[in-house]
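Biologist: Please pick one part of this model and go through it closely, including what surrounds it. I would like one connected account rather than a list.

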Amino acid sequence: MLPLNDIEPNRFTSWPFMTLTIITLNVIVMGFENLVIVRDASQFQRLVYEFGSIPVVTLQQAGSGAISSVTYMFLHGGIWHLLGNMLALWVYGRRVEDMCGPWRFLLFYLLCGLFANLINILATAQSTIPVIGASGAIYGVMGAYLLLFPRGRIRTLVLLGVLPVFPKIRAYWLILYFLVLNIPPALNMLVYQNASYEIAHWTHLGGFLAGIFVLLFLSPEAFHRYRNDLPL
Amino acid sequence: MPEQLFRQAQKLVKQGQLEQARGLLLRYVEQEEGNELAWLLLSDLVESREDKLIALENALTINPNLIRAQNRLVQLRGERQQTVAEKFKQGETAVKVGLRVEAMRLLQEVVQAEPNHEQAWLLLSQIVTAVEDKIIALEAAQRANPRNEQTAYQLTQLRQNHSSDLAVGTAYEAHGELQKALAAYTFAAGHAPVAADRLIAQKKLDELRQQLGGKEIKTTSPAMTLLRFMIGPPLIYTILSLLQNGLSLNQLPPRFFWELLTVWFGTVLFIAANQKPHGQEETLFGPEILEDWRLRGLLTLLGLLLVLVPFVFVLWGGVGQFLVWKTAVFP
């Protein structure tokens with residue numbers, strides 16, 4: 001199941017400036033990563049260890065928790081990792097940015113990424129595996145979308161065997177589906193301190209929780225509408 | 001479905017079919033009352049001034065920042081005031097010559113258009129017959145001018161002689177002051193001396209609550225917006241500092257609290273200097289500051305600087321720590 005596009009229109013602006021800027025920035029960083037890989041593949045692993053977020057390193061104050069908590073959001077493990085994340089940012093980010101305005105949206109995005117990392121470090125304190133990817137921040141954007149537009153319709157690619165279909169699915173089904181997918185492995189990681197998963201489920205859950213902070217960044221108009229249950 | 005109605009109405013306006021557009025818009029706002037653009041459009045299409053005023057007031061309730069609507073509202077209210085003065089004069093004459101019904105009609109029109117017209121309320125209190133109606137008229141006059149001692153005296157006398165809250169509630173309801181009717185019924189439901197009156201009051205209370213349900217629009221004041229916005233940057237700064245210091249509160253340097261305060265203060269300054277006029281409530285900085293672009297710019301810049309400097313400190317410290325670690329782990 002792959003969300004492809006939010007079919008509802010924006011209310012205030014037509015140009016999602018900050019969403020596109022963040023996507024561009026991630027693509028540029030991916031380009032840089034590919035350059036590193038082309039030159040020397042072993043250097044890529046070093047790059048991930050240097051700029052990814054490693055819970056043990058942050059807790060022991062060995063590297064810089066502040067720096068890696070920002071840089072990990074812009075690194076990706078491969079082109080599919082990047083594409084998946086950026087597609088999700090494009091689908092959910094546009095209308096959330098429309099509700100906040102570009103600069104407040106940027107602050108919200110960064111806050112989600114930081115909070116997601118904080119939760120991941122608390123939950124997997126013993127882990128030495130670096131976490132990279134924008135998914136923590138994007139789950140925050142998804143959480144915000146669910147809060148603001150639970151009935152928003154998302155054009156989604158669903159594969160029925162080999163047959164692709166493109167239904168419009170309500171946001172609450174889609175986002176809760178992705179959320180629920182993370183819960184069992186996250187609990188497994190927490191109970192058994194099993195950090196061998198390739199996906200940072202606690203980062204996703206932490207990011208999703210941070211979605212509620214969107215209420216601090218909504219534009220006055222959007223907040224007024226949200227508070228009075230007027231259509232956003 | 002309602003959205004289609006709105007789009008269709010917009011299309012009809014462009015084609016010049018204003019009658020049909022108005023019909024569609026009226027149907028649309030019945031289903032979807034939260035679209036200020038629909039109210040604005042409707043304010044151009046309805047014919048009577050009162051209807052225009054209602055449409056504009058609704059648009060401004062949803063979005064108090066619509067400058068064009070504010071100006072139009074002021075203009076229409078000005079026009080209405082002129083008519084109100086003429087009607088009041090006619091009403092006064094009608095009272096003097098004893099045309100009670102005509103005077104009632106004129107004065108009611110006056111107070112409907114201008115609810116704070118003290119003289120009209122006082123005249124009404126003289127010509128209405130029911131005691132409850134007298135009380136309501138005098139209360140309205142007192143609201144319009146709380147310093148009028150004679151009104152206050154008359155009101156006290158009337159209230160002492162007449163204490164039926166149920167009747168007062170009914171009169172308020174008939175007059176359209178539903179919140180006051182609600183208060184009167186609530187009191188009567190608990191305190192009316194006769195059990196039957198208490199039951200009737202309770203029934204009326206339930207009906208009125210149902211009628212009022214969900215119609216109240218809560219406005220968001222600039223102070224609340226300021227409170228909301230000033231949490232974000234300090235929160236980001238706190239999380240960043242915690243991550244930099246191994247998520248341990250004990251490891252936070254003493255300067256953290258000063259820096260947090262600086263971020264907070266800078267945020268308040270930045271937001272307050274960039275607040276837009278609300279139309280109904282005061283902003284933190286008055287218009288004399290907000291309309292002076294140089295002063296506003298200076299405050300904005302100062303705010304931004306105060307927010308950014310602590311972040312630079314934390315990240316700068318982080319870069320140093322990172323370089324030491326990098327050299328040790330990846331020599």
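Modeller: Two residues are counted as in contact when their C-beta atoms, placed from the backbone, lie within 7 Å. On that basis, residues 24 or more positions apart account for 76% of the contacts in chain A with a separation of 6 or more. In chain B, 48% of the contacts between residues at least 6 apart in sequence join residues at least 24 apart. The model is predicted. The part I take is helix α9 of chain A, residues 201–210, followed by the loop after it and the neighbouring chain.

First, the setting. Chain A has ten helices and four strands, and its order along the sequence is β-α-α-α-α-α-α-α-β-β-β-α-α-α. Of its 232 residues, 47% count as buried. Chain B has 17 helices and zero strands, and buried residues make up 32% of its 331 residues.

Now the helix itself. Nine of the ten residues of α9(A) are buried, so this helix is largely enclosed by the rest of the structure. Burial here means 20 or more other C-beta atoms within 10 Å of a residue's own. The buried residues of α9(A) run from His201(A), Trp202(A), Thr203(A) and His204(A) through Leu205(A), Gly206(A), Gly207(A) and Phe208(A), with Ala210(A) also buried. The cover over them includes three helices of chain A, namely α6 (102–123), α7 (135–148) and α8 (171–192).

Of these, α7(A) can be described in detail. Its axis and that of α9(A) come within 6 Å and cross at roughly 40°, and the crossing is right-handed. On the α7(A) side, the contact is made by Ser135(A), Gly136(A), Ala137(A), Ile138(A), Tyr139(A), Gly140(A), Met142(A) and Gly143(A). On the α9(A) side, Thr203(A), His204(A), Gly206(A), Gly207(A), Phe208(A), Leu209(A) and Ala210(A) take part. By class, this contact has seven nonpolar, eight polar and no charged residues.

The nonpolar core comes next. The largest one has 82 residues, and Val96(A), Val141(A) and Tyr145(A) touch the most other members. The element that gives the most to this core is α6(A), with 13 residues. Leaving out residues up to four places away in sequence, Tyr145(A) touches Tyr92(A), Arg95(A), Val96(A), Gly152(A), Ala171(A) and Ile175(A). Another core, of 30 residues, lies apart from the largest; among its members are Leu106(B), Val111(B), Ala120(B) and Ala201(B).

Past α9(A), the chain enters the loop that leads to α10 (220–227) of chain A, and Phe217(A) sits in that loop. Phe217(A) counts as buried because 25 other C-beta atoms lie within 10 Å. Phe108(A) is 109 residues away from Phe217(A) in sequence, yet their C-alpha atoms are 6.7 Å apart. With residues up to four places away left out, Phe217(A) touches Cys100(A), Arg104(A), Phe105(A), Leu107(A) and Phe108(A), and also Gly232(B) of the other chain.

The contact with Gly232(B) leads to the interface. There, 31 residues of chain B are in contact with 33 residues of chain A. On the chain B side, the elements giving two or more residues are α13 (222–229), α14 (232–244) and α17 (293–329). The largest share, nine residues, comes from α14(B). By class, this side of chain B has 17 nonpolar, ten polar and four charged residues.

One of these elements, α17(B), has 37 residues and reaches 52 Å from its first C-alpha to its last, close to the 54 Å expected at 1.5 Å a residue. Its buried residues are Gly303(B), Leu306(B), Val307(B), Pro310(B), Val314(B), Gly318(B) and Phe322(B). Both chains contribute to their cover, which includes α4 (65–71) of chain A as well as α14 and α15 (255–273) of chain B.

For comparison within chain B, α5 (residues 67–97) has 31 residues and spans 45 Å, close to the 45 Å expected. The buried residues of α5(B) are Ala69(B), Leu73(B), Lys87(B), Phe88(B), Gly91(B) and Ala94(B). Their cover includes α3 (36–45), α4 (49–62), α6 (100–113) and α7 (118–127) of chain B. Just after α5(B), Gly98(B) takes a positive phi of about 90°.

Definitions and conventions. Residues numbered from 1 in each chain as written. Chains lettered and ligands numbered in written order. Predicted model: local features only at pLDDT ≥ 70, side-chain atom pairs only at ≥ 80, totals over all residues. Nonpolar A, V, L, I, M, F, W, Y, C, P; charged D, E, K, R; others polar. Buried ≥ 20, exposed ≤ 12 C-beta atoms within 10 Å, placed from the backbone. Axes fitted to C-alpha atoms, helices over the stretch in contact; angles between N-to-C directions. Left-handed = near helix turned anticlockwise from the far one by under 90°. Expected span 1.5 Å × (residues − 1). Core = buried A, V, L, I, M, F, W, Y, C linked by C-beta atoms within 7 Å.
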